[in-house]
Amino acid sequence: MRSFITISSLVSAVLAAEPWLEEPDTGLVNYLASTNYTENSLPLLKDMRAIPDFDWAAEAYLGDQQYAFYRTAAAGEWSYRNNLDIWAKIKFRTRMLNDVSRLNETLPVIFMGYNFSAPIFIAPAARGVYGDERAELNFVDAAASENILYTASIYASKSIEELGAQKHNDTMNGPQVAFQQIYGNSNESVIWEQIARAEAQNAKAFVFTIDAPATSTRHRAARYDTTNANAATGALTWDLYDRIKNRTKLPVIPKGITTVDDALVAIEKGAPAIYISNHGGRQLDHSPSPLEIAHEIYKNAPEVFTKVDVMADSGVRYGTDVLKLLAFGVKMVGMGRPFMFANCYGLEGVTKLIQIMKNEIVSDGAQAGITDLRNVAPKIFNTRALDNTVYLMDDEEIEVKNRVIANTKKH
Ligand SMILES: Cc1cc2nc3c(=O)[nH]c(=O)nc-3n(C[C@H](O)[C@H](O)[C@H](O)COP(=O)(O)O)c2cc1C
């Protein structure tokens, strides 16, 4: 629940030279004030025009504890804010008068050999039931009708079997493709059981979350005694990654890559894809945003993007955010919180969010003079503001990189 203007937001606006806007001003608040909108209720779905609108709506609608669980981030939440702010650091260098009239035909993507209608996916997130009683069933349905990828959280409100049974056999590309996220566990038999259950439901890949070696510091959620879904798990190691890989014929994608070093270890280990993410800033404060991570990999080892398929999430809210990640070579871009918030409107809300993002990618891509979304050149933007701070490998690290790249076949 929320009120229209809080005292704290006024105070921080006065105190800070550059106040950080919790949500960008999409005009929603002013607009609702001119309608019959009742405070603390869900606005009409037709009034959701931008992805951040769903955050505002969810805060109004959900209980404080539930909203806090979705919204929370680690410690001072600087990573969370950076995830949202960093996009503004790099500006487009649009080349005008490119023929962009067929850009929409390049929206579909092939990821890990599977066809999807757009380079976006629903990231794994726990406790979908807060927004709607159908919980993640809405994600399965919307992903099927919009033909995008859904990756189920192991802590989803619905079971692996319920989500498996909900999958659609008749998407425009045939049976629905979904991935299953898993965590490490000090009792490994739990992981093996989860793998067997997901395989039985025809999951097409595992996303193994590597950025949760311990309980994270989340003050906002702790206030409501809302625990981490991922409490301390025991030793998370690349050996565990190997053991998981040996347990299943399905691809195992490490989620939570934040350095070029780990991207290289992953491909050396034979990962067929990597998942760049700082978990939406929920694990470690001051961990870098996906834009900074993709940039670090691009500057040091651009070959990574051609050797393996790369997916990424954290802080993505606009079509332009997606375009910037695609330009570095990321193939699929995910969102977590936005889908949880949109789920307050049930299936219709989740579907609308996907459609907003698809439209923005194509419209903004055309505005940026992009002619092929599957081949966006990094020269589309000016990265100098990031170039000044990017980590660059030393000679020894470059030698290691060259060896790894030379020994890696394209997956
Ligand atoms: C409420 C919530 C629950 C989450 N649960 C999981 C989870 O169970 N497993 C996981 O790997 N990531 C989880 N995540 C992280 C997301 O997969 C994703 O990395 C993150 O939400 C992306 O950032 P964004 O929310 O800014 O889009 C969760 C995120 C949220 C917001």
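I began with arginine 218 and found that residue in the loop that runs between β7 (206-209) and α9 (219-222). I note at the outset that I am reading a predicted model.

I then checked the record: under "binding site", an unreviewed UniProt entry lists Tyr183, Arg218, His279 and Arg282. Looking these up in the model, I found that the lining of the largest cavity includes Tyr183, Arg218, His279 and Arg282. What takes up the space of the largest cavity? I see that this space is the one taken by the ligand.

Next I went through the shell around the ligand, which has 23 residues, and noted that Pro124, Ser153, Thr209, Asp313 and Arg337 come nearest. Sorting the shell by class, I recorded nine nonpolar, nine polar and five charged residues. As for secondary structure, α4 (64-71) and α15 (337-342) each give the shell at least two residues.

I turned to individual atom pairs, starting with the backbone, where a polar atom of proline 124 lies 2.6 Å from an oxygen atom of the ligand. For alanine 126, I read 3.0 Å between a polar backbone atom and a nitrogen atom of the ligand. Glutamine 181 takes part through its side chain, with a polar atom 3.3 Å from a ligand nitrogen.

Is the ligand mostly buried or exposed in the protein? I noted that the ligand taken alone exposes 590 Å², and that the protein buries 98% of that area.

Technical notes
Residues are numbered from 1 along each chain as its sequence is written. This is a predicted model: local features need pLDDT of at least 70, side-chain atom pairs count only at pLDDT 80 or more; totals for chains, interfaces and linings use all residues. Side-chain values use heavy atoms; hydrogens and water are left out. A residue is near a molecule or strand if one of its heavy atoms lies within 4 Å of it. A polar contact is a pair of N or O atoms within 3.5 Å; within protein, one must be able to donate a hydrogen and the other to accept it, and residues adjacent in sequence count only if both atoms are side-chain atoms. Accessible areas come from the Shrake-Rupley method with a 1.4 Å probe; for residues, only the protein chains shown count as cover. On a 1 Å grid over the protein atoms alone, a cavity is a set of points where a 1.4 Å probe fits but cannot get out, and a pocket is an open set with protein on both sides within 12 Å along at least five of seven lines; lining residues have an atom within 4 Å of a point. A molecule sits in a cavity or pocket if more than half of its atoms lie within 2 Å of its grid points. Helices (H or I, at least four residues) and strands (E, at least two) are DSSP runs, numbered from the N terminus. Ala, Val, Leu, Ile, Met, Phe, Trp, Tyr, Cys and Pro count as nonpolar, Asp, Glu, Lys and Arg as charged, and the others, Gly among them, as polar. UniProt positions are given in the numbering used here, feature names are shortened, and annotations may be inferred rather than shown by experiment.
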